Amino acid sequence: MDRHGLADFLRVRREALQPSDVGLPAGLRRRTPGLRREEVANLATMSTDYYTRLEQGRGPRPSRPVLTGLARALRLSDDERAHLFRLAGEQPGPPPGPPSDVRSGVLRMIAHLDVPALVLDAKYDVLAWNPLAAALITDFSAVPRRERNLLRLRFLTDRQAELFGENATREFAREAAADLRAATSTYPDDPELARLVRDLQAGSPEFAEIWSRHEVGRQQSLCQTIHHPQVGRIDVICEVLVVPERDQRVILYTTPPGSPSDQAIRLLDVIGTQTLTPQT
């Protein structure tokens, strides 16, 4: 165990985080940069005294659960997490699950885009979206957090079939199931991922049949034709931007400028998630 290296690493990573990065109010009278020690300790579910001793190089060798809590509290990337474990004299092992926090820069980016945009993690949870994506696909803010998942929408509801059509959703189903199996290899200890697979197998004979094929692969394309109930057909060109340190993807639904599909997106930008009803 490299006590001094671990102490310095914890201090530097703590000071690099702002309260807004972890969902805390900034408050007043912050005399030092970054988070306070007691804030990190609370996020990592340990006592402030224990965390302080670790940061001062006086603490005992931390256990793997303690290190996992610190990695989560300090929003460490996979590489940073591995470094933390090695400083403590532990082998990193597989990460516990795909990170669910989205970088503030990514959130700002999708908020200012004029195209629909989603942020997905490795198990297809929708972590963030902009208003145009809500208008195009569904109002995710009205969906319970556990159900904000494209695979649950695809296999356990009729929503995606209504939007994208049967042929497109069949292709998406096969590719996404192969993608999900790859995620189970990356995160073998993630209980949420295991629960998602169980729910999909129990609730969808189609998914159960596809899953039994044991296909593995990363999905490269999400391009589809969307049949929107308010604005009609929209042909989208999907761009996938990878955020490797978070194992996340930003999905951009783009259209050729000036095309009928682009005009439909501009109309969606105006009407948002409201339901249009014909006048009588």
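## Loops, hairpins, cores and a pocket in a predicted chain

Histidine 214 sits in the loop that connects H12 with E3. In this predicted model, histidine 214 has a positive phi of about 60° although it is not a glycine. Most residues other than glycine have a negative phi. Histidine 214 is also exposed, with a relative accessible area of 54%.

The protein chain as a whole comprises 13 helices and six strands, and of its 280 residues 47% are buried. Among the contacts in the protein chain with a separation of 6 or more, 58% are accounted for by residues 24 or more positions apart.

### Two hairpins

Strand E3 (residues 225-228) pairs with strand E4 (residues 232-235) in the antiparallel sense, over four bridges, and the two strands form a hairpin with three residues between them. Within this pairing, isoleucine 226 of the chain stands opposite isoleucine 234 in E4. Isoleucine 234 touches, apart from residues up to four places away in sequence, Leu136, Gln224, Thr225, Ile226, His228, Thr255, Ser261, Ala264, Ile265 and Leu268.

E5 and E6 likewise run antiparallel, joined by seven bridges, and glutamate 239 stands opposite leucine 252 in E6. The hairpin of E5 and E6 has four residues between the strands, and in it aspartate 247 takes a positive phi near 50°. The loop between E5 and E6 also holds arginine 246, which is buried, with a relative accessible area of 9%, whereas aspartate 247 is partly exposed, at 21%. Because buried means under 20% relative accessible area, the 21% of aspartate 247 places it in the partly exposed class. Leaving aside neighbours within four places in sequence, arginine 246 is in contact with Arg75, Leu76, Ser77, Pro99, Asp101 and Arg103.

The accessibility of four loop residues is set out below.

| Residue | Relative accessible area | Class |
|---|---|---|
| Serine 20 | 60% | exposed |
| Histidine 214 | 54% | exposed |
| Arginine 246 | 9% | buried |
| Aspartate 247 | 21% | partly exposed |

Serine 20 is found in the loop between H1 and helix H2 (37-43). Although serine 20 and serine 104 are 84 residues apart in sequence, their C-alpha atoms are 8.8 Å apart in space.

### Nonpolar cores

In soluble globular proteins, nonpolar side chains tend to be buried together. The largest nonpolar core in this model has 40 residues, and those with the most contacts inside it are Leu118, Leu151, Leu180, Ile234 and Leu268. Two or more residues of this core come from each of strand E1 (117-120), helix H7 (131-136), helix H8 (150-156), helix H10 (166-186), helix H11 (191-203), helix H12 (205-211), strand E6 (248-254) and helix H13 (260-271). Of these elements, H10 gives the most to the core, with six residues. Apart from this core lies another, of 24 residues, which includes Val22, Tyr50, Leu76 and Leu87.

Leu87 also appears among the buried residues of H5, which include Arg81, Ala82, Leu84 and Phe85. The elements that cover the buried residues of H5 include helix H1 (3-16) and H4. After H5 comes glycine 89, with a positive phi near 80°.

### The largest pocket

The largest pocket contains about 930 Å³ of space. The pocket is lined by 35 residues, of which the closest to its centre are Pro98, Pro99, Ser100, Asp101 and Lys123. By class, the lining of the largest pocket consists of 14 nonpolar, five polar and 16 charged residues. Helix H4 (64-73), helix H5 (78-87), strand E2 (126-129) and H11 each supply at least two residues of this lining.

Some of the elements and residues described above recur here. Pro99 and Asp101, which are among the residues closest to the centre of the pocket, are also in contact with arginine 246. H11 gives two or more residues to the largest core and also supplies at least two residues of the pocket lining.

Key: Residues are numbered from 1 along each chain as its sequence is written. This is a predicted model: local features need pLDDT of at least 70, side-chain atom pairs count only at pLDDT 80 or more; totals for chains, interfaces and linings use all residues. Side-chain values use heavy atoms; hydrogens and water are left out. A nonpolar core is a set of buried Ala, Val, Leu, Ile, Met, Phe, Trp, Tyr and Cys residues joined through side-chain atoms within 4.5 Å. Buried means under 20% relative accessible area, exposed over 50%, partly exposed in between (1.4 Å probe, protein chains only). Contact means heavy atoms within 4.5 Å. Two strands pair if DSSP finds at least two bridges between them. On a 1 Å grid over the protein atoms alone, a cavity is a set of points where a 1.4 Å probe fits but cannot get out, and a pocket is an open set with protein on both sides within 12 Å along at least five of seven lines; lining residues have an atom within 4 Å of a point. Grid points are joined across faces, edges and corners, and a volume is the space filled by probe spheres set on the points. Ala, Val, Leu, Ile, Met, Phe, Trp, Tyr, Cys and Pro count as nonpolar, Asp, Glu, Lys and Arg as charged, and the others, Gly among them, as polar.
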